[in-house]
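Welcome! Here are a few short exercises to help you find your way around a new structure. Try each one yourself before reading the solution.

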Amino acid sequence: MSTIDTLGRGNAFVRGRPLLSVVFLVGFALLVDLVHGMYTGRIPLENVTRLFWNGLLVGLILGLAGIGLSMTYSILNFANFSHGDLITVGAFSGWSVTYLLAGAGATEFGARVLIDANLNVTVLSDPFAVVVGLVLASALTILIALVVDRLVYRPMRDSSGISLLIASIGVALVLRHLVAFVYRAHTRGVTGGERVDILPVFEGAGNVSVNTATLMVVAVTLMIGVHLLVQRTKLGTAMRAMADNQDLALITGIPTERVVTWTWILGAGLTGAAGFLIVLERGTLDFNIGWGLLLLIFAAVILGGIGSIYGAIGGGLIIGLTQSLSTIWIPSDFATPAAFSLMILVLLFRPSGLFGGVSTA
Amino acid sequence: MALLEVSGLDAGYGDLQILEDVDLEIGGDEYVAIVGPNGAGKSTVMKSIFGLATYMGGRIVFDGEAIDGLRPEEIIHRGLGYVPQDDNVFPSLSVEENLEMGAYILSEVPGDRLREVYDRFPILEERRSQTAGDLSGGQRQMLAMGRALMLDPALLMLDEPSAGLAPDLVEELFDRIDAINDAGTAILMVEQNATEALDRCDRGYVLVQGRNRYVDTGERLLENEQVRQDFLGG
């Protein structure tokens with residue numbers, strides 16, 4: 001009786017949602033294959049742990065960088081295409097500062113400001129320079145974002161989301177080419193040549209460098225900080241209120257322009273920090289760094305549910321892990337398409353994303 | 001002297017003029033209702049007072065000072081509360097957070113006001129940590145009023161508070177509005193439910209096609225043959 005019931009329900013589910021059933025089936029098959037492969041040694045355990053670790057790292061980066069995008073979307077109601085180039089601004093401005101401090105006296109001023117000196121900075125060799133660089137990456141990105149808001153977005157506050165989106169593409173181009181003009185277009189190595197490993201994380205999976213560990217700790221700390229700010233403070237509550245209903249926020253007496261300013265400060269601050277940390281982990285820097293990440297960040301934010309900071313974090317982790325773990329089965333050239341395919345699949349079943357709905361909550 | 005004095009108000013949206021030469025007056029503890037057919041511009045009166053419609057002329061004086069052209073947060077500061085008809089709570093915020101937002105312009109949430117609102121609407125205290133989106137229509141309406149009462153306004157403007165509520169809830173809601181008025185807050189209410197509103201208010205305005213048609217006590221408007229025939233369904 002109960003078996004028949006279960007079968008009947010399963011049957012109804014498969015007929016009612018055939019596509020979802022196929023997705024579950026494929027996911028299940030992959031999981032079985034993974035367990036089987038690891039059991040028989042066909043898929044080495046250290047490969048899986050290494051890929052998982054890499055995915056986690058990329059996911060944290062995408063999540064951290066995505067929070068600002070999600071925030072500006074929910075408060076200002078537009079998809080900000082210049083977000084990627086705010087990452088670039090953060091990376092260059094922050095590393096200029098770090099190089100200025102780290103190489104003081106050793107190399108000439110110009111080479112340090114333009115990040116062309118060969119300094120091989122690590123967190124251990126120059127902790128002070130890295131910390132100040134990180135803080136100023138945030139501060140300078142905030143400054144640029146506020147200037148852009150005053151010059152471009154504020155006069156357009158009542159325009160449609162599409163007009164603002166197109167304006168933001170213009171801002172993206174201007175920012176990127178300004179960076180390329182000042183720093184020139186070559187790719188440079190920035191961080192330490194010698195890896196300093198501190199944490200043996202998984203047996204055989206390789207160790208974690210100090211720079212990478214720093215990225216993870218700072219990223220998670222900032223995420224927790226944003227969570228507390230949005231959930232526990234008056235400003236955070238006002239931001240959620242504005243995301244819910246701008247008109248009501250206005251007639252409730254919430255000073256909406258001030259909340260918008262704070263949204264830029266928070267969003268751009270996190271984005272600038274993300275830019276700095278990405279370089280700390282990657283070790284290289286060029287003027288396309290943010291633009292190259294933008295589509296993946298959009299994928300993460302949309303998959304998670306645009307407008308939600310938790311969606312940005314969750315979506316970032318899912319995209320990062322998918323991209324990384326998919327290479328167990330497919331060539332790495334297809335890793336990014338796999339991540340985007342997963343995003344499309346999620347949207348087919350949950351059009352508003354995993355953490356659905358427009359809300360900073 | 002009247003608390004709110006609107007004279008010769010012309011207003012609308014963009015180029016479209018809705019209100020023409022509207023006069024309105026509310027005393028310090030009065031309960032005034034604006035009734036009239038659909039599209040008469042009832043809600044526009046409130047939106048113009050609050051600076052949300054396009055102001056085209058006339059004077060709006062609150063507590064002796066002209067308030068036309070002021071930002072909503074400045075108007076709130078002067079003691080005017082407004083509860084719009086739809087979407088009048090923040091659905092993803094908790095009930096208590098909604099109330100706290102009502103006191104945003106103060107540096108601290110006034111504990112005694114919160115207490116008073118909870119005493120007035122006990123259901124809100126019961127549901128204080130629930131998200132407002134999960135409340136019923138009647139509870140939302142109470143929450144919206146509670147939020148506007150957080151600053152202890154001298155005048156509370158209510159736009160169709162009974163819209164969409166079940167009949168037994170409408171009675172309860174009007175009783176609560178009476179109580180708020182009895183406690184010394186002036187009420188300006190726009191209502192679709194004209195008979196009930198005129199029955200409860202001190203004075204009523206009948207607004208037709210953007211103009212004042214009748215002004216009188218609620219009682220006399222209800223007795224007025226012409227008003228009954230034209231607007232109250234005989």
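The exercises below move from the whole of chain B to one strand, and the model they explore is a predicted one.

**Exercise 1.** Work out whether the radius of gyration of chain B agrees with that of a compact globule.

*Solution.* Start with the chain length, which is 234 residues. A compact globule with that many residues would have a radius of gyration near 17 Å, and chain B has 17 Å, so the two agree. For a second view, take the box along the principal axes: the C-alpha atoms fill roughly 50 × 40 × 35 Å. Then look at burial, where 52% of the residues in chain B count as buried.

**Exercise 2.** Find how many helices and strands chain B has, then decide whether strand β3 of chain B is mostly covered or uncovered.

*Solution.* Chain B has 10 helices and 10 strands. Now go to β3(B), residues 31–35: 5 of its 5 residues are buried, so with buried meaning under 20% relative accessible area, the strand is mostly covered. Next, sort the side chains by direction. B:Y31, B:A33 and B:V35 point one way, while B:V32 and B:I34 point the other way.

**Exercise 3.** Identify which strands pair with β3(B), and in what sense.

*Solution.* One partner is β8(B), residues 186–190, joined in the parallel sense over 4 bridges. Within that pairing, B:A33 has B:M189 as its bridge partner. Another partner is β9(B), residues 203–208, which also runs parallel to β3(B), with 4 bridges. Here B:V35 is matched with B:V206.

Notes: Residues numbered from 1 in each chain as written. Chains lettered and ligands numbered in written order. Predicted model: local features only at pLDDT ≥ 70, side-chain atom pairs only at ≥ 80, totals over all residues. Heavy atoms only, no water. Buried < 20%, exposed > 50% of the residue type's maximum accessible area, 1.4 Å probe, protein only. Helix = DSSP H or I, 4+ residues; strand = E, 2+ residues; numbered from the N terminus. Pairing = 2+ DSSP bridges. Rg over C-alpha atoms; globule rule 2.2 N^0.38 Å.
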